[in-house]
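Please look over the chain below before reading on. The report deals with selected local features.

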Amino acid sequence: MMKALSVFLALTTIPALAQYPRTFGWNGETWMVKVSSGAVGPGPNYFSDSTNNVWVDSNNKLHLKITKSGHKWQCAEVIRVISSGHGTYRFYIDSSQGTPLDTLDKNVVLGLFTWSDELDYNHRELDIEFSGRGNVTDRTNAQYVVQPYGTPGNLVRFTEPPASASVHSFSWNLNEVLFHSVTGTDPATTDPTMQISSHNFTNGIPLPGGEQARINLWLYQGKAPSNQKPVEIVISKFEYQ
């Protein structure tokens with residue numbers, strides 16, 4: 001069931017409908033906010049650049065929120081302006097605020113990823129994805145992906161546990177991509193009780209070229225949250241090294 005979620009980012013940008021007129025500063029960098037005049041991928045969904053959907057609070061934490069406006073549910077996506085290529089991309093999640101990752105609604109997906117609008121190397125797409133849909137066999141709720149997801153060995157499932165905070169990263173090098181997830185706020189912790197998952201991919205590694213880090217919060221197949229409630233994710237910090 002969850003494997004189908006990995007196709008979502010293949011439709012992230014439809015230039016005729018998706019635009020990025022609003023920018024904001026966060027952690028000393030400039031980010032763009034996606035807005036769409038119609039339903040676009042992933043999903044398909046409507047994306048809003050309203051400050052009701054994307055904002056930075058007084059503690060410099062980024063909030064992404066799925067909200068309902070009239071009869072439409074509106075999703076959120078932000079794009080880092082800088083393209084950095086090889087290196088470590090690290091996302092700090094604050095689950096003490098908003099919706100904890102392990103309790104996401106079955107129709108909600110959070111993506112932490114790189115994406116290039118160019119077709120080369122499957123859009124240079126590297127993904128960390130979370131969803132409340134779960135795998136019907138093992139009940140996992142998250143996955144690491146080097147696109148294309150359908151190539152054997154390019155997708156690894158894991159379980160995001162209950163936690164007030166977690167850090168998720170991938171280190172992209174010429175011949176490998178190492179994904180790593182821990183609970184807490186220290187990505188370098190060696191405490192075995194803090195380790196969530198890690199995996200090193202060595203096949204089909206894309207070469208860099210115009211990709212950007214992105215974060216999106218969206219609805220699977222454009223379906224409303226099953227509980228009809230807004231969803232909010234809080235990201236304390238993004239790091240590139």
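The text below treats one strand and its partners, a charged residue, unusual backbone geometry and a surface patch.

The model is predicted, not determined by experiment.

**Strand S10 and its partners**

Strand S10 covers residues 142-146, and 5 of its 5 residues are buried, so the strand is largely enclosed by the rest of the structure. Ala-142, Tyr-144 and Val-146 point one way from S10, while Gln-143 and Val-145 point the other way. The residues on both sides are buried.

S10 pairs with strand S9 (residues 126-131) in the antiparallel sense, over 5 bridges. Within this pairing, Gln-143 of S10 stands opposite Glu-129. S10 also pairs with strand S11 (residues 155-158), again antiparallel, over 4 bridges. Here Tyr-144 has Val-156 in S11 as its bridge partner.

**Glu-160**

Glu-160 is found in the loop between S11 and strand S12 (165-172). Glu-160 is buried but has no salt bridge. The nearest side chain of opposite charge is that of Arg-157, 11 Å away. What does the side chain of Glu-160 make polar contact with? One such contact is with the side chain of Ser-166, at 3.1 Å, and another is with the side chain of His-168, at 3.4 Å.

**Backbone geometry**

Most residues other than glycine have a negative phi, and most peptide bonds are trans. The table gives exceptions.

| Site | Feature | Angle |
|---|---|---|
| Gly-41 to Pro-42 | cis peptide bond | omega near -5° |
| Gln-147 to Pro-148 | cis peptide bond | omega near 10° |
| Arg-124 | positive phi | near 50° |
| Gln-221 | positive phi | about 60° |

Pro-42 lies in the loop between strand S2 (29-36) and strand S3 (46-47). Pro-148 is in the loop between S10 and S11.

Are Arg-124 and Gln-221 buried or partly exposed? Arg-124, which lies in helix H1 (residues 120-124), has a relative accessible area of 7% and is therefore buried, the cut-off being under 20%. Gln-221 lies in the loop between S15 and strand S16 (231-240). With a relative accessible area of 43%, Gln-221 is partly exposed.

**A nonpolar surface patch**

Tyr-121, Leu-174 and Leu-207 make a nonpolar surface patch of about 280 Å². Of these residues, Leu-207 is found in the loop between strand S14 (195-201) and strand S15 (212-219). Leu-207 counts as partly exposed because its relative accessibility is 36%, and partly exposed covers values between 20% and 50%.

Definitions and conventions: Residues numbered from 1 in each chain as written. Predicted model: local features only at pLDDT ≥ 70, side-chain atom pairs only at ≥ 80, totals over all residues. Heavy atoms only, no water. Patch = residues over 30% accessible without salt bridge, like charges linked within 9 Å, V, L, I, M, F, W, Y side chains within 5 Å. Areas by Shrake-Rupley, 256 points an atom, 1.4 Å probe, with all protein chains shown as cover. Salt bridge = Lys/Arg side-chain N within 4 Å of Asp/Glu carboxyl O. Helix = DSSP H or I, 4+ residues; strand = E, 2+ residues; numbered from the N terminus. Buried < 20%, exposed > 50% of the residue type's maximum accessible area, 1.4 Å probe, protein only. Pairing = 2+ DSSP bridges. Lys, Arg positive; Asp, Glu negative; His and termini not counted. Polar contact = N/O pair within 3.5 Å; in protein donor to acceptor, adjacent residues only side chain to side chain.
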